[in-house]
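Me: Please take a close look at the part of this model where one chain meets another through paired strands. I would then like that place set in the context of the surrounding chains, in one connected account.

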Amino acid sequence: MTSSQLAMAQLNTGERALALLGGEATDANLRRYLHGIPGIDAVGLEQRAADLGTRSVKTSSKKWALDKIISLIDLTTLEGADTPGKVRSLVGKALTPDPGDPACPRVAAVCVYGDLVPIAVQALGSSHAAGTATGINVAAVATAFPSGRASLAVKLADVGDAVTAGADEIDMVIDRGAFLSGRFGQVYDEIVAVKEACKRADGSYAHLKVILETGELNTYDNVRRASWLAILAGGDFIKTSTGKMAPAATLPVTLSMLEVVRDWKRLTGARVGVKPAGGIRTSKDAIKYIVTVAETVGEEWLTPSLFRFGASSLLNDVLMQRQKMTTGHYSGPDYVTID
Amino acid sequence: MSFLDYAPAPESQAVLNLRSDYGLFINGEFVAGRGVPFQTINPATEKPIAMIAHANTADVDTAVAAARRAYDRTWSKLSGSDRGKYLFRIARLVQERARELAVAETLDNGKPIKESRDVDVPLVAAWFFYYAGWADKLDHAGVGPTPSSRGVAAQVIPWNFPLLMLAWKIAPALAAGNTVVLKPAETTSLTALLFAEILQQADLPAGVVNIVTGGRETGQALVGHPDVNLVAFTGSTGAGRAIARSVAGTDKKVILELGGKAANIVFDDAPIDQAVEGIVNGIFFNQGHVCCAGSRLLVQESIHDDVIDRLKQRLSTLRLGDPLDKNTDIGAINSADQLRRIRELTEIGEQEGGERWSPACVLPDSGFWFAPTIFTNVSTSHRIARDEVFGPVLSVLTFRTPAEAIAKANNTPYGLSAGIWTEKGSRILAVADKLRAGVIWANTFNRFDPASPFGGYKESGYGREGGRHGLAAYLKPAAGRSAARTVTTAPAESSPELDAKAPVSRKKAAK
Amino acid sequence: MTRLAVPKTYKLYIGGKFPRSESGRVYEIRSHGGDFLANAAQASRKDARDAVVAARSALGSWAGATAYNRGQVLYRIAELLEGRRVQFIDEIVQTEGVTTAAASAQVDEAIDRWVWYAGWADKYVQVAGNANPVSGPYFNISVPEPTGVVAIIAPQSGGSLLGLVSAVAPALVAGNTVVVVANETMPLSAVSLGEVLATSDVPGGVVNILTGSPAEMAPWLASHADVNAIDLVGAGDLDWVHLQIDAAETLTRVLQPENGPDAASPSLARIVAFTETKTIWHTKGLI
């Protein structure tokens, strides 16, 4: 760490923001700070992402990548029609992605609506990570997901319920309306408040993923500013999308967010996670993300505490690719399980 | 394991069906050369690829005679639309054989397969496709109605983009109705000869394109041949100067694309991550063997340290090695000669006080390799800030104000290209106005397109390749029109007419 | 008793001033009939060098002027020339030995040529440049720009005024600055044109007129590293091949000699010959 990083590391989130912003997290201070960050040229960003997408990942590297992808998945079900049965089935899949191969790694987490957290916790049983380094986490979307259109009190209650029910991770949405109308202070305060609501009785915190809903922020500059804002406010992860609107995660958007966490580490020495979610369905696409992570922030980020895929159908495509690598012939959908 | 090592992903050479030796391509056929054949080698391994014929003066005579005959008897009599159809055919054949051409190019030149596959060969096809459509629209080329072709074009191309430079030369020449004798660079003849096979498949009339391989003296014989009407050359400024001298006093039309020492100017409000990519692409694309390479980074002093820091981090992810590996970013230096020159200039750079840095990078044991290198603490008087290195070597200089950036950027005898990085639109346009260079890339670098004219100011040469301008060079205004000193009525059409005549009034103005 | 006339001293025109040759040399100008007319300054290579310096320093503001402004400035030359018709006709009759009618036709044509070229100043870019439809998210445009300092060996035969104007005017349209070596034996109208330019709106240094020996000065101009283009239109009787070889040293753009009555006939090509096409790419990104 550099000396300035060391100085930063000794500050808590609020103090750090105060130091960086040169004052309280007001709309004006945040605006000045966020608009002082270098802009993004969309064409160049997309070209770089496309270029990273041409990496050819074969044989042993591919095998490693496929297993790595599985271990980074937040296996997700976020439907209005979700039931305890559906969630138990999802957990079953999370625990045993490929019944034919006991060596197949497990996913990082299951991601469900807050009211289904108890079901997921129960279904995981002893495999629930619950703060340990092994096992599967339960992530809950919260804060009036996906729109975020509710009072702060409702959002905080939403978070509190999920944490109390045993959620290890909270996937919150930012108030895009507030962000787009320049009320950066409100977005900031809300993230701070949600983070506080993640505090458990024992004083520990559920991990906070901040969903930017990049499709609604629209521009790369907005994505970059929202990323900084979320990190300044104490988010542990920045996440692209709810998956409820298109476009969800794209490689250029994810690249731009990875560049922010890279710069944040340069500035403070601290590591923040990134989670692209929605729209990543094939191994081929997922490998492009793995490549982009490795070449932008380094391989150290390819760990569940720093990178996740928010996905559902991706897992089975990866499993089929995995089977192909083992058997030497192409697999089919009947040879992987549905959840 | 480290994921970033990536397992080897070599492009298969099985698509290639190379002969052990290649003749000259004259009058539609491969014929033996009368000089001593030479070997073309893979610069990444120094292993031989094939024997290449060497054209002596007599061979050049034969080739020019074949081109003249084809011009007189066939090509100049063909309709524009038929000429266009041949070019369309060629474009399609290039697309069909793209993989093969890319592999051959990488093998012979040393450039990464991802560049030959994604840049060189697709642009070759695009170039033929673009000029194919011009062949029957020459009235709109900008030299007035019913222009004529010039005759036999002598074309000499360099080794950095062998097939692409061939396309830049041949496509507009044929579209305009000229015939061609082309000489590839000595170290990179292979794809030109594969291209000759494509011409046979396209059934292009014999003699319309002739390819003579050989060394410098072959090129001199071609350029100096009394029966060529046009000389198009891409290469070093030194060689271009010699050509400009040798054609003095003749009516040969000359197009010269020569060296460069482009400034890549990064302002403090630049989109920083894209600028870093642009710096990397500007100087490390094609191992820096690019005449328009952004070899001088002019970075605003206030962000110098940050930019260099980011640049170093980015360079550490560049992958140098087997050019045929699909993940290779930096391939081999094209020849031992070039490697020697790069080493010599970088050693001078150190002696002059430049601070040299390269990422940790293992160079293969055989072949010609040079690690990506940046020099900081470079001043305008250093040779590495003035001489074209033509290799993966970046010189970093600083500036304080836009005026200083412009002054430093223009402080060179060259004037081929430049880059500008800033989010401020009005500044981009104002700086672009003031830069004395033929191609300006704003918030991007090293982009090429057949529709976009390319060429230099000052000692970077004259004439343009690409676009309407690139076509016009191969055309002559209709005969007789320049003699008009009488009132002429302008044609109704609105196409640009470079020979528009002044109405000459002899009537007395009212007193 | 007739009044004793006051003869004019014919000097050089450099940087907006009328210096004598630094060499102190003059040469005799005689009428077509052989009578002494004047002593013209015989410019040296150092005068040529000074003229190039003047042209270079005037380049920025002339090239940077708006096209509309350059057009008006060139048109203004025509206006002033019109007002001095009689003087020019006189000088042409004396030096060239042509009839008054022929001389006045030449002056008229020279005036009209300024008018014609003046009109091009804000149009040639539209005709010689274009937008390029590249395949990618880029704005891409090609525009011609002035080459820089243009040296001209004015036509040495034909009308001494018209030849000069025909060579100088097109180079000025795009914003180049000019060093011109006038018709050696008939330089009077060239010097008088300098006086017109000095009283017009053409900034000093934009046009620099040298009288004297083209054979003496041309090699220095051709090999001068700070000359961007050389128009050898009137160099047909010189060793112009050698001049072209000299010019190659710094890749100076060369226009070869033209002979006959159509030398430097008016054309857009003459304007474009002294331009460089600059192509600008800029990314286009909506988000």
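**The B–C strand pairing and its setting**

Reply: Strand S18(B) and strand S10 (residues 275-283) of chain C run parallel to each other and are joined by 4 bridges. Within this pairing, B:Ile440 has C:Ile280 in S10(C) as its bridge partner. The model is a predicted one, and every statement here should be read accordingly.

The pairing belongs to a wider contact, to which chain B gives 46 residues and chain C gives 41 residues. On the chain B side, at least two residues each come from helix H8 (237-246), helix H13 (425-434), strand S18 (439-442) and helix H14 (467-472). By character, this side of chain B comprises 21 nonpolar, 11 polar and 14 charged residues.

Chain B also meets chain A, with 21 residues of chain B in contact with 23 residues of chain A. Here helix H9 (residues 272-284) of chain B gives the largest share of the chain B side, namely 5 residues. That side divides into 9 nonpolar, 7 polar and 5 charged residues.

Inside chain B, several further strands can be followed partner by partner. Strand S12 (residues 263-266) has B:Ala263 and B:Ile265 pointing one way and B:Asn264 and B:Val266 pointing the other, and all of these are buried. S12(B) has parallel pairings with two strands of chain B. With strand S17 (residues 417-421) it shares 4 bridges, and B:Val266 stands opposite B:Trp421 there. With strand S13 (residues 296-300) it again forms 4 bridges, and B:Ile265 faces B:Leu298.

Strand S7 (residues 152-156) of chain B is likewise mostly covered, as 5 of its 5 residues are buried. On one side of S7(B) lie B:Val152, B:Ala154 and B:Val156, on the other B:Ala153 and B:Gln155, so that both faces are covered. S7(B) runs parallel to strand S8 (residues 179-183) of chain B, to which 5 bridges join it. In that pairing B:Gln155 stands opposite B:Leu182.

Another part of chain B holds an open sheet of 3 strands in the order S1-S5-S4, with mixed pairing. Strand S1 (21-22) and strand S4 (38-42) of chain B are its edges; each has a single partner strand, and therefore one side of each lacks a neighbour in the sheet. S1(B) and strand S5 (residues 47-52) of chain B are parallel and joined by 2 bridges. The bridge partner of B:Asp21 in S5(B) is B:Met51.

Nonpolar side chains in soluble globular proteins tend to be buried together. In this model the largest nonpolar core has 269 residues, and B:Phe128 and C:Val180 are those with the most contacts inside it. Leaving aside residues up to four places away in sequence, B:Phe128 touches B:Leu87, B:Ile90, B:Ala91, B:Val94, B:Ala167 and B:Ala171. A separate second core, of 111 residues, includes A:Ala140, A:Phe184, A:Ala230 and A:Ile238.

Chain A offers a helix whose geometry can be checked. Helix H8 (residues 152-164) of chain A has 13 residues and, at 1.5 Å a residue, should span 18 Å; the C-alpha atoms at its ends are 18 Å apart, so expectation and model agree. Its buried residues are A:Lys155, A:Asp158, A:Val159, A:Ala162 and A:Val163. Because these cover an arc of only 125° around the axis, they lie on the same side of H8(A). The face turned away from that buried side carries A:Ala153 and A:Val154, which are exposed. The buried residues of H8(A) pack against helix H7 (117-124), strand S3 (137-141), strand S4 (169-173) and helix H10 (184-197) of chain A. Just after H8(A), A:Gly166 adopts a positive phi of about 110°.

Two single residues complete the account. A:Arg32 is in helix H3 (residues 27-34) of chain A. A:Arg32 has 14 other C-beta atoms within 10 Å and is therefore partly exposed. Its C-alpha atom is separated by 33 Å from that of A:Glu299, which stands 267 residues away along the chain. C:Thr2, by contrast, sits in the segment before strand S1 (26-30) of chain C. With 4 other C-beta atoms within 10 Å, C:Thr2 is exposed. The C-alpha atoms of C:Thr2 and C:Phe139 are separated by 72 Å, the two residues being 137 residues apart along the chain.

Conventions
Residues numbered from 1 in each chain as written. Chains lettered and ligands numbered in written order. Predicted model: local features only at pLDDT ≥ 70, side-chain atom pairs only at ≥ 80, totals over all residues. Contact = placed C-beta atoms within 7 Å. Nonpolar A, V, L, I, M, F, W, Y, C, P; charged D, E, K, R; others polar. Pairing = 2+ DSSP bridges. Core = buried A, V, L, I, M, F, W, Y, C linked by C-beta atoms within 7 Å. Buried ≥ 20, exposed ≤ 12 C-beta atoms within 10 Å, placed from the backbone. Expected span 1.5 Å × (residues − 1). Arc of directions from axis to C-beta.
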